[in-house]
Amino acid sequence: MNRRARGFTLLEMLLALVLLSAGLALAFATVRAATTMVERGEIRAQRNERARAVEGFLRQRISTALPVVFATDPSTFRQSRFLGEAKRIRFVADLPNYLGRGGPHLYDLAFDDRGRLMARFSVVQAGQAVEGPDGIAPEQLADRLREVRFRYRGLDEKGQPGPWQDAWRTAEILPLQVAVDVETETGARWPELIVTLLHSEGGAGGGAQPPGGL
């Protein structure tokens with residue numbers, strides 16, 4: 001009876017505390033890992049949603065580019081309806097009501113040296129892009145990017161889609177298609193975006209013109 005009533009020894013108590021501490025540490029680590037995984041999943045989902053929103057904006061705006069003049073070279077009288085470079089693209093399209101008063105605006109989309117894809121807007125009047133009285137602030141479409149690349153193609157001499165070009169040299173007409181490639185600073189790549197322009201004349205040979213005119 002005395003042996004049964006003596007209770008736990010100090011060694012047994014220490015062993016129980018060690019086991020309890022190990023169990024609590026394991027449970028805490030499991031909860032922390034699960035929380036971190038959920039947070040990473042939420043961040044990834046937010047980034048994916050943001051990427052889809054930006055891609056939707058680019059697709060909608062580029063596809064509805066209008067063959068509207070926004071600049072004229074005073075020396076050659078060459079009119080610009082679409083200007084495309086590897087990191088910058090300019091064209092005219094209607095402005096969504098949530099960004100302003102609507103109507104034809106010059107879209108100036110560019111990848112800057114701070115890893116951002118920026119959009120700037122100007123009102124187009126009488127064949128010229130001008131700053132409106134209530135100018136629209138530039139919009140940051142995406143950041144933390146390593147690369148943004150625009151590519152273009154038109155129709156070749158046979159009326160077939162020509163090769164992709166890093167610049168669109170025929171400013172008087174719209175290209176047939178525009179491709180947008182985006183890589184984030186972590187090395188992840190967005191799905192390739194290829195947009196067909198609804199108002200394009202294709203520009204027979206337009207994508208293969210000699211450099212110049214930008």
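**Exercise 1. Classify glutamate 172 by exposure, then find its salt-bridge partner and place both residues in the chain.**

Glutamate 172 has a relative accessible area of 29%. Buried would require under 20% and exposed over 50%, so glutamate 172 is partly exposed. The model used throughout these exercises is predicted.

The partner of glutamate 172 is arginine 78, and their closest N and O atoms are 2.9 Å apart. This pair joins distant parts of the chain, 94 residues apart: glutamate 172 sits in the loop between S9 and S10, and arginine 78 in the loop between strand S1 (71–72) and strand S2 (79–80). Arginine 78 is also partly exposed, at 23% relative accessibility.

**Exercise 2. Decide whether the salt bridges 112–116 and 149–166 involve buried or partly exposed residues.**

Start with aspartate 112 and arginine 116, whose side chains meet at 2.8 Å, N to O. Aspartate 112 has a relative accessible area of 18%, so it is buried. Arginine 116 is buried as well, at 18%.

Next take arginine 149 and aspartate 166, which form a salt bridge at 2.8 Å, N to O. Arginine 149 lies in strand S9 and aspartate 166 in the loop between S9 and S10, 17 residues away. Arginine 149 is partly exposed at 31%, and aspartate 166 is partly exposed at 40%.

The search of the whole structure gives 10 salt bridges. Arg146, Glu183 and Arg189 are joined in a network of such bridges.

**Exercise 3. Describe the largest nonpolar core and the surroundings of leucine 58.**

The largest core holds 32 residues, and Leu58, Ile62, Phe82, Ile89, Phe91 and Val180 have the most contacts inside it. Several elements supply at least two residues each, including H2, strand S4 (88–94), strand S5 (104–111) and strand S10 (177–184). H2 gives the largest share, five residues.

Now consider leucine 58. Setting aside neighbours within four places in sequence, leucine 58 contacts Ser63, Leu109, Leu117, Leu141, Val180 and Leu193. Another core, of six residues, lies apart from the largest one; among its members are Phe70, Val92, Leu106 and Ala171.

**Exercise 4. Locate methionine 13 and explain why its exposure allows it to belong to a surface patch.**

Methionine 13 lies in helix H2 (residues 10–63). Its relative accessible area is 42%, which makes it partly exposed. Patch members need over 30%, so methionine 13 passes that cut-off. Together with Leu10, Leu14, Leu17, Leu20 and Leu24, methionine 13 makes a nonpolar surface patch of about 620 Å².

Terms used:
Residues numbered from 1 in each chain as written. Predicted model: local features only at pLDDT ≥ 70, side-chain atom pairs only at ≥ 80, totals over all residues. Heavy atoms only, no water. Patch = residues over 30% accessible without salt bridge, like charges linked within 9 Å, V, L, I, M, F, W, Y side chains within 5 Å. Areas by Shrake-Rupley, 256 points an atom, 1.4 Å probe, with all protein chains shown as cover. Salt bridge = Lys/Arg side-chain N within 4 Å of Asp/Glu carboxyl O. Helix = DSSP H or I, 4+ residues; strand = E, 2+ residues; numbered from the N terminus. Buried < 20%, exposed > 50% of the residue type's maximum accessible area, 1.4 Å probe, protein only. Core = buried A, V, L, I, M, F, W, Y, C linked by side-chain atoms within 4.5 Å. Contact = heavy atoms within 4.5 Å.
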